[in-house]
Amino acid sequence: MSKNFKSRYFEDYSLNEEIKHSVPRTITEGDISIYLSTTGSRFPLNYSAIFSKDVGFNKTPVDDILSFHLVFGRTVPDLSLNAIANLGYAGVIFNKPAYVGDTLTASSKVIGLKENSNGKTGTVYVKSIGKNQNGEIVLTYFRWLMMRKKKEGMIKSFKSFVPDLPTKVETSDFMIPKNLKLENWSSDVSGSPFFFDDYKEGEEIHHLDGQTIEEAEHQLATRLYQNNARVHFNNHIEKDGRFGKRIIYGGYIISLARAISCNGLANTFKIAAIHSGKHSSPTFSGDTIYVWSKIIKKEKLTNNLGTMMIRTLASKNNSEMVFPDKKNLKENIVLDIEYSVLIPVKEK
Amino acid sequence: MSKNFKSRYFEDYSLNEEIKHSVPRTITEGDISIYLSTTGSRFPLNYSAIFSKDVGFNKTPVDDILSFHLVFGRTVPDLSLNAIANLGYAGVIFNKPAYVGDTLTASSKVIGLKENSNGKTGTVYVKSIGKNQNGEIVLTYFRWLMMRKKKEGMIKSFKSFVPDLPTKVETSDFMIPKNLKLENWSSDVSGSPFFFDDYKEGEEIHHLDGQTIEEAEHQLATRLYQNNARVHFNNHIEKDGRFGKRIIYGGYIISLARAISCNGLANTFKIAAIHSGKHSSPTFSGDTIYVWSKIIKKEKLTNNLGTMMIRTLASKNNSEMVFPDKKNLKENIVLDIEYSVLIPVKEK
Amino acid sequence: MSKNFKSRYFEDYSLNEEIKHSVPRTITEGDISIYLSTTGSRFPLNYSAIFSKDVGFNKTPVDDILSFHLVFGRTVPDLSLNAIANLGYAGVIFNKPAYVGDTLTASSKVIGLKENSNGKTGTVYVKSIGKNQNGEIVLTYFRWLMMRKKKEGMIKSFKSFVPDLPTKVETSDFMIPKNLKLENWSSDVSGSPFFFDDYKEGEEIHHLDGQTIEEAEHQLATRLYQNNARVHFNNHIEKDGRFGKRIIYGGYIISLARAISCNGLANTFKIAAIHSGKHSSPTFSGDTIYVWSKIIKKEKLTNNLGTMMIRTLASKNNSEMVFPDKKNLKENIVLDIEYSVLIPVKEK
């Protein structure tokens, strides 16, 4: 029997099956620095031990998107290696923050299976869960992928089941960190004078700071998450593949989008949920990423804490943006994501 | 009101104004390793916990130039984004070393403002200060920049004020680490048998180890410092810009120069001050950096500790050097810096 | 006297001389993360604090190959700078694991010197030892290098001495970690159901996951180890050199080979010894590395622990392999290494 791991094909998943993903991962100080080095984030909560204590955290929380990638990385061998496309994310809920020293594990439940009429592929729907060493849930999300079949043709008496995926996470499902001391929040620390009260629904923000991605950068970032999907790393194969080159892990674009959006959203200190996310076009080494956001909806949670639902678009090699309809994304739009952030209502 | 941060133009600075820079930064073990990975430094004081204790430090001090970059990175959004040129540094004094776990903050005072006769630009002079979480000064420096104006033309009744900048830091202003145990210093540890007594004023040293810079390397280093000046990261814009490509953060060249100079100056364990520094030409990905030093002046501080003033030049793509006059730097000289180091007088 | 370090030539070594290598190096959490980022390893013992405790380690041990590179990096200034070729390794024994916080030092003993008949070069044989801050041996190895002579011609009355190098490390010389709790080993953690009992002597494994190397990646990795051999970093010289470009540190290929081989050998948690290793061809930026292994020999050590001797080959830009005779390696084979690993006998 072959000892290497060829991963699963569509036929290898069963409805309601639970997959325990291997290779638990302890977060180190090195991970934090490499995340910084590959994204340039300036959100102070994640990089200042003093400030994170001041505002009510016992330890400096890990950037939410880094936690996501570390959980996602666990799932790759079981879910992504034979996937043709990552069709989307939905319902990402960030529960308990992760911290340096935490060990993350992941599992996924197969919640839907749909055969495609071409007989070559099927869609696999999963709910994935990332936990820390105490069994506490760090984050959960839904994801669906187009998966290769081992054998061409329709499967005899197969019943497709398409789950009802949430189109948005309810505000009541947001996990608000306890013991927040927002009276210690300061625009001097974040660098931005704009709080919940200063944003308007419908407002658009151009985040300005385009970043050009090098091959080494996305490879370093993606390996940090132990995401080993081959399309990101093997130019010898990919040069003859669909795009003629390596494809950048879509999650790296989410990281860049969040980091770049700090310029305009610096007080949005925490992501409560990602409602939906779509990598609408692939990204390659040499592409320059620009980012825009639109405030979709505002909601006050407490006297001093608000949440904003934001749509963020990332483009490649295009520094101008008219916010398009979701179904009418031009080719140079590479990411369309809707998420909700936490933000102090106003400066104390 | 636009939520993104467009930074300041010449007209936005007032004489004697104090600017508190945002985004305090906690130093991690990851930062130390990335600094090593992007420079190749071999100075043992900064990378050996045993040795740094042996010679009198409670903890391993952070490389002085890394501390400088972390402080400098804080100042970028308020000072560098609309700067056309970083005209120079002077009077950099390294006070208290920084350590892993320290949280650095920075502030700057506007000490001079000079309108240029072209009506398009002005020079802003600042004194910047970096402090740790206890309010102790880690380093201070003077810097002056050529800044764009928002509006062309001379400003009505504007009075230029050009400050007297120090041409050198006085030896009496050097902060000498307390409790040094130089009797434990060893050439076996540093790899060099050359101490204060072995160098001569006027002596020239070729540091030999040329290093070729890749785009990913300077971007990773510069993001580590959270320096977000756009010219370093955005090829989509810079390909049509002044040089047709991204420009490397000048401070990265200082780091390389210091790291490369270890081969010839391995016992110069600490930088006491940088008297002046000039990025005389820009550097780009693909350039190979070579470094030379000249001992300008020697001074004994105690029985077993000396200081040497050194002029260090870095060139690109040129492995031969005749030490030129300061005002006659050829195009391939990219850095001209004068600084003072601490060095044991002789092997115990 | 020139202050820079020009390293040694063949004539500068004496038989039985002990060389203490400089620049002790404290291992940090950052090193672990950069190692991950530059290799993509998925061996859980080295990256999960929980799992390493569960199976009997007090702290998470550092990847054996990273320890090797950190020790090797110490030796470079004294051994590699004027070497024309690293002819081989033998008898690498991994004694005590290294941990974050350990400070590694290295020394080498010259155990053989052979003049070559061309009068231009000689072979230097060393035994190198890496120790931690308590003087405990972390690893030892034999290595031989072809070294330039300062002066052409045969040395008068020179007696060559070629040492008897071990062709393999005896199993009785393996250091088995004490207090292993292999009853806690789990295929859920490693991701592989294959244990000692599942492999057959003669079995071949294709490790599948080709990785393309970027210039920045090998430079970052090699600087992390403070390996400053110029051929890896200076394109300004190497563009006119033997290959017309920078040469990748061979050790980086060993790291990639070990990391890639996790796909097929995930339960081989520790390298006990490297019997022999040969960089049969140079590797360059842009090359894609593929890896194959063959189980040479199996030996049960205790009821629940076995060892397997493995031959691993790495190729560049070639995804097909017929295991060749050792003396008949085609040009695209870049590494041929024989080593022994520890592996639980079967799932509890």
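At roughly what angle do the axes of α1(B) and α5(C) cross? In this predicted model, the axes of those two helices cross at roughly 115 degrees and come within 7 Å. The crossing of α1(B) and α5(C) is right-handed. On the α1(B) side the residues involved are B:Ser33, B:Leu36, B:Ser37, B:Thr38 and B:Thr39, and they meet C:Leu220, C:Arg223 and C:Leu224 of α5(C). Sorted by class, the contact of α1(B) with α5(C) comes to three nonpolar residues, four polar ones and one charged.

Next comes the way the copies are arranged. Chain C lands on chain A with an RMSD of 0.0 Å after a rotation of 120 degrees, with 0.0 Å of shift along the axis. The two copies are thus related as by a three-fold rotation axis. Within chain C, C:Gly30 has the C-alpha nearest that axis, at 2.2 Å from it. Chain B tells a similar story: a turn of 120 degrees and a shift of 0.0 Å along the axis lay chain B on chain A, again with an RMSD of 0.0 Å. Here the C-alpha nearest the axis in chain B belongs to B:Gly30, and it sits 2.2 Å away.

As for the surfaces that the copies use, only 15% of the interface residues of chain C are also interface residues in chain A, so these copies meet through different surfaces. For chain B the figure is 18%, again only a part of its interface residues being interface residues in chain A, so the copies meet through different surfaces there too.

The contact between chains C and A takes in 40 residues of chain C and 33 residues of chain A. Several elements of chain C supply at least two residues each to the side that touches chain A, namely α1 (29-39), α2 (49-54), α4 (187-190), β7 (204-206), β8 (211-212), α5 (215-224) and α8 (262-265). The largest share of that side is the nine residues from α1(C). By class, the side of chain C that touches chain A holds 13 nonpolar, 21 polar and six charged residues.

On the other flank of chain A, the contact with chain B draws 33 residues from chain B and 40 residues from chain A. The side of chain B that touches chain A gets at least two residues from each of β2 (25-26), α1, α5 (215-224) and α6 (235-238). Its largest share, six residues, comes from α5(B). The class breakdown for this side of chain B is ten nonpolar, 14 polar and nine charged residues.

Helix α1 turns up in the helix pairs between chains as well. The axes of α1(A), residues 29-39, and α1(C) come within 7 Å of each other and cross at roughly 55 degrees. That makes α1(A) oblique to α1(C), and their crossing is right-handed. From α1(A), the residues A:Glu29, A:Gly30, A:Asp31, A:Ser33 and A:Ile34 meet C:Glu29, C:Gly30, C:Ile32, C:Ser33, C:Ile34 and C:Ser37 of α1(C). In terms of class, three nonpolar, five polar and three charged residues make up the contact of α1(A) with α1(C).

For α1(A) and α1(B), residues 29-39 of chain B, the axes likewise come within 7 Å and cross at roughly 55 degrees. These helices are therefore oblique to each other, and α1(A) passes α1(B) in a right-handed crossing. The α1(A) residues in this contact are A:Glu29, A:Gly30, A:Ile32, A:Ser33, A:Ile34 and A:Ser37, while α1(B) brings B:Glu29, B:Gly30, B:Asp31, B:Ser33 and B:Ile34. The contact of α1(A) with α1(B) splits into three nonpolar, five polar and three charged residues.

Inside chain C, strand β6, residues 137-148, pairs with two other strands. Strand β3(C), residues 83-94, runs antiparallel to β6(C), and eight bridges join them; in β6(C), C:Met146 stands opposite C:Ala85. Strand β5(C), residues 121-131, is also antiparallel to β6(C), joined to it by eleven bridges, and C:Ile129 stands opposite C:Thr140 of β6(C). Together β5(C) and β6(C) form a hairpin with five residues between them, and C:Gly135 in the turn has a positive phi of about 80 degrees.

Conventions: Residues are numbered from 1 along each chain as its sequence is written. Chains are lettered from A and ligands numbered from 1 in the order in which they are written. This is a predicted model: local features need pLDDT of at least 70, side-chain atom pairs count only at pLDDT 80 or more; totals for chains, interfaces and linings use all residues. Two residues are in contact if their C-beta atoms, placed from the backbone, lie within 7 Å. Helices (H or I, at least four residues) and strands (E, at least two) are DSSP runs, numbered from the N terminus. Ala, Val, Leu, Ile, Met, Phe, Trp, Tyr, Cys and Pro count as nonpolar, Asp, Glu, Lys and Arg as charged, and the others, Gly among them, as polar. Copies are superposed by least squares on the C-alpha atoms of residues with pLDDT of at least 70 in both. Axes are lines fitted to C-alpha atoms, for helices over the stretch in contact, and angles run from 0 to 180 degrees between N-to-C directions. Angles under 35 degrees count as roughly parallel, over 145 as roughly antiparallel, 65 to 115 as roughly perpendicular and the rest as oblique. A crossing is left-handed if the near helix is turned anticlockwise from the far one by less than a right angle, and right-handed if clockwise. Two strands pair if DSSP finds at least two bridges between them.
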